[in-house]
Amino acid sequence: MSRLLQWVFGRLPIGWLQLTHKRGGFIAALSGVAFANVLVFVQLGIMNSMATATLRPYDFFLADIMISAADANALAEGGNVARQWMLQSFADSDVIAGMGLFVGNAPWDRGDKDITFTTFGVDPGQPGFLAPDIAGDAVLLQVQDVAILDRLARGLSREDAAAIRPQTPLSFETQGRTLTALDTFAGGGGFGGDGYMLVSDQTFLSLFASRTSGAPDHILLRLRSGADVAVVTERLRGLISDDKIRIRSFAEAAQEDLRYQQTQRPTGVIFGFGVLIGVLVGLVIVYQVLSADVADHLREYATFKAMGYGPWFFLSIVVEEALVLGILGFLPGLAVGTGILTLMGKVTTLPLAMTPGMAVIVFAGTVIFSVLSGVIATRRLAAADPADLF
Amino acid sequence: MNRDMIVEAHGLNHWFGTGEARKQALFNINLALPRGSLTVLMGPSGSGKTTVLTLLGCLRAVQDGSVQLMGQELCGATEAELTALRWRLGFIFQSHNLHESLTALQNVMMGVQVRTGVKDDLTRRAAARALSLVGLSDRVDYLSANLSGGQKQRVAVARALVGNPAMVLADEPTAALDKDSAAEVVDLLKRLGAERGTTTLLVTHDNRILDRADRILTLEDGRIVASKVSTGDDLDETLE
Ligand SMILES: Nc1ncnc2c1ncn2[C@@H]1O[C@H](COP(=O)(O)OP(=O)(O)OP(=O)(O)O)[C@@H](O)[C@H]1O
Ligand SMILES: [Mg+2]
């Protein structure tokens, strides 16, 4: 390390020698930086997994445009829309298909612990609206009271899930009815429900007695291939002038949902603040360590100044120290952060994991913010007046 | 300007503070130090010795009068020019001011490294040689915290001399030392200065040092009141 720094800075690695001279303080400083890193990693991990979990259900469907109630910020939120708008939109020659999508939460009463399925009611006659890996199961859904279950659902054991086949179906009680699961698909637990379930729209309506076929939660539209989604969306907005509904491209709806979760929902905002606090903690720790270090060595620095060392020399010492703290603090932070995220992912079955992108961002952030605090800390150097040494 | 003189001051005045609190510390100082000489600056506390040293050593801006150091006028010089001039000076302070986390060798290396472009192994060798000159060859890799007071001050002497400075400025370098260590340090300065042609300006109260000086300047209330030049064994008194 010492040799590397000597080579990088072209001088004695004074910052390194100074930091490591007081071993206890050095280890404490590194732990502080590592702690700040872990904080940021955990918060980022949760934010990432929230994004993954929020966007996940959109992957189950293939659609170009989605018509929703004006207050439907997420798939499972807001009022419903009149089916008549779907028929209206067929007036546009680019719209080739439409499907009502129903969404509701159905708890599977398992005695000790319920599993809450976010349940989608779809038209089994229109497999084109389902993602390829699910579309094959549409034919199964044509039978009343059949369900396709999320094999990654929280609370459902992997063995139980793997056993669900058309030949070996699983029957279970929900909403006072008995459903038969004939197959599974890869969903994944989110922040709302424990997992997902697909049923036919008819089955959905029998599960949720208050819902009617004329008012699904969303209307999905597919367009003629080659049609410009933005242009058609704009045309439909002119065609259907009802301010209680919103017409968006499907991709846009997914992104708006994500933005809503991250900026409007308390959980998203809290985790966003968590990242900020982690960054601040790191900044303050590095600043404290470096400015205390500068203050402790004012006489030595003043001596160097007297010997003819200029401002760049002192800046480079503090930057050297900041780099050492940032880099050496990052490594344990990365290790502990990965461990905690993996553990939390296991416990919550949320898609929590360390990603290379996160590691790179946090590393760059750590180095940048460390150097920044270092540069702020050098302001104290102005107090080192070599004329006061004599 | 006399070529034999490394530094010459003419009509040097200096004030501290501003407004009401402004107080003159130096009055019309005139002096010239020949190359290779050892000059002792004496005087009671508060007479302005340190102020003279910091002005000649480019550690303070010259306010009024003229100081020519190695042919360059200090009055009106920029901070960068003063910094560059300090590369050719050596300083020894009352306290050693060694860097506690560096070894004796590394501390001395800092005295050369300021001149950028100096190779690491050359720096290392020069520092080791300087330490052997002050008799500390066996303490090269000691952290400065593990050296005695006299040894630390000798490291500081090595650090001041390692870059072959044109002039060494020392402010009571022996104040913190016992009698033997003090004599040792001053002898070192005298001997190395003579060998290398280094000019030395030494502030001291220590009477034992006086007989080793080429000349003695005495300050009182910011004025030079006596300037004795040694000719052979006895000192020749000339009043300014
Ligand atoms: N930074 C300063 N600000 C204001 N006044 C100062 C400052 N430094 C020195 N003085 C004043 O200038 C005068 C000369 O001080 P100087 O330090 O040069 O004396 P000295 O001869 O070195 O004394 P000593 O033997 O005690 O070190 C004193 O009256 C002192 O109070
Ligand atoms: Mg003094």
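Colleague: In chain B, where is confidence lowest and where is it highest?
Modeller: This is a predicted model, where local features need pLDDT of at least 70, side-chain atom pairs count only at pLDDT 80 or more, and totals for chains, interfaces and linings use all residues. Residues are numbered from 1 along each chain as its sequence is written, chains are lettered from A and ligands numbered from 1 in the order written, and side-chain values use heavy atoms, with hydrogens and water left out. The pLDDT is the predictor's confidence in each residue, from 0 to 100, and strands (E, at least two residues) and helices (H or I, at least four) are DSSP runs numbered from the N terminus. Confidence in chain B bottoms out in strand 11 (residues 234–238), at a mean of 49, and peaks at 95 in strand 4 (residues 64–69).

Colleague: And in chain A, which element has the highest confidence?
Modeller: Chain A averages a pLDDT of 90, with 100% of the residues at 70 or above. Its low point is helix 1 (residues 2–9), at a mean of 79, while the top, at 96, goes to strand 8 (residues 218–223).

Colleague: Is chain A compact or spread out?
Modeller: Chain A has 14 helices and nine strands. Its radius of gyration is 29 Å, well over the 21 Å that the globule rule gives for 390 residues, so chain A is more spread out than a compact globule. That radius is taken over C-alpha atoms, and the rule is 2.2 Å times the number of residues to the power 0.38.

Colleague: What radius of gyration does chain B have?
Modeller: Chain B carries seven helices and 11 strands, and its C-alpha atoms fill a box of roughly 50 × 40 × 40 Å along the principal axes. For 240 residues a compact globule would come out near 18 Å, and chain B agrees, at 18 Å.

Colleague: How far apart in sequence are the parts that Asp92(A) and Arg235(A) tie together?
Modeller: Their side chains meet in a salt bridge at 2.7 Å, N to O (a Lys or Arg side-chain nitrogen within 4 Å of an Asp or Glu carboxyl oxygen). Asp92(A) sits in the loop between helix 4 (84–89) and strand 2 of chain A and Arg235(A) in helix 9 (residues 229–239), so the parts they tie together are apart by 143 residues.
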